[in-house]
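Biologist: Could you take me through the aromatic rings in this one, slowly? I'd like to know which rings pair up, how they sit against each other, and where charges come in.

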Amino acid sequence: MEKIKILFVCLGNICRSPLAHEVFQDMVNKNGVTDKFEIESGGTEDYHVGDLPDPRMMNEARKHGIEMTHRGRTLSDDDFEYFDMILPMDLSNMAYLQNRSMPEYKDKIKLFRTFDPETLDEMAEVPDPYYGGSEGFTNVYEMVERTCETLLEYLL
Ligand code: 4NP
């Protein structure tokens, strides 16, 4: 069976996209459909390549039973061909992907929160929590969890 390959994207790949990656992987595992998916995340910048996620994001995930282990990676040109869905967290990440993608892969790029059941705004973003307080990380967690639930329902 051909796997559905999903790539979550943010700027640094240490807060939002690794959270979406690991939350979605956890949901997939709990639903018994691990074999159906290949899940990855990446950053548009290379500042944190090889790093564990931001400790503030790891703490928030841990409160919900998720121990994050992803190591920061950046994007390769092959990612655009390889993955079936490429899901940026904000409009800046989306613009970067649209610019870098070959024309035939642009349809794979969809703003992550278009799957958020709590907004009809097609431009809704997951805000960058990096320079803010802990409430920003809680907010990111809640958005990511409900959006991943809807994404999984859509794909099953
Ligand atoms: P992320 O957050 O894109 O959600 O991983 C950030 C991580 C690092 C930086 C900015 C945002 N940074 O400037 O280093």
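Modeller: Start with Tyr 154: this is a predicted model, and in it Tyr 154 counts as exposed because its relative accessibility is 54%, over the 50% cut-off. Phe 115 is another story, at 10% relative accessibility, so this residue counts as buried. A pair of aromatic rings is described by the distance of the centres and the angle of the planes. The count here comes to six aromatic pairs. One of them is Phe 115 with Tyr 154, a tilted pair with 5.2 Å centre to centre and 55° between the planes. That pair ties together distant parts of the chain, 39 residues apart: Phe 115 is in the loop between helix H4 (91-100) and helix H5 (134-155), while Tyr 154 is in helix H5 itself.

Now look at Tyr 130 and Tyr 131. Their ring centres are 4.9 Å apart and the planes meet at 85°, so this pair is edge-to-face; the cut-off for that label is over 60 degrees. Tyr 131 counts as exposed, at 76% relative accessibility, whereas Tyr 130 has a relative accessible area of 29% and is therefore partly exposed. Tyr 130 also has a charge for company: the charged end of Arg 56 sits over its ring, 5.5 Å from the centre.

There's another charge over a ring, with Lys 5 lying over the face of Tyr 82 at 4.9 Å from the ring centre. And for the phenylalanines, follow the ring pairs that link Phe 8, Phe 24, Phe 37 and Phe 112 into a cluster.

Terms used:
Residues are numbered from 1 along each chain as its sequence is written. This is a predicted model: local features need pLDDT of at least 70, side-chain atom pairs count only at pLDDT 80 or more; totals for chains, interfaces and linings use all residues. Side-chain values use heavy atoms; hydrogens and water are left out. Rings of Phe, Tyr and Trp (its six-membered ring) pair if their centres lie within 6.5 Å; planes under 30 degrees apart count as stacked, over 60 as edge-to-face and the rest as tilted. Helices (H or I, at least four residues) and strands (E, at least two) are DSSP runs, numbered from the N terminus. Buried means under 20% relative accessible area, exposed over 50%, partly exposed in between (1.4 Å probe, protein chains only). A charge sits over a ring if NZ of Lys or CZ of Arg is within 6 Å of the ring centre and within 35 degrees of the ring normal.
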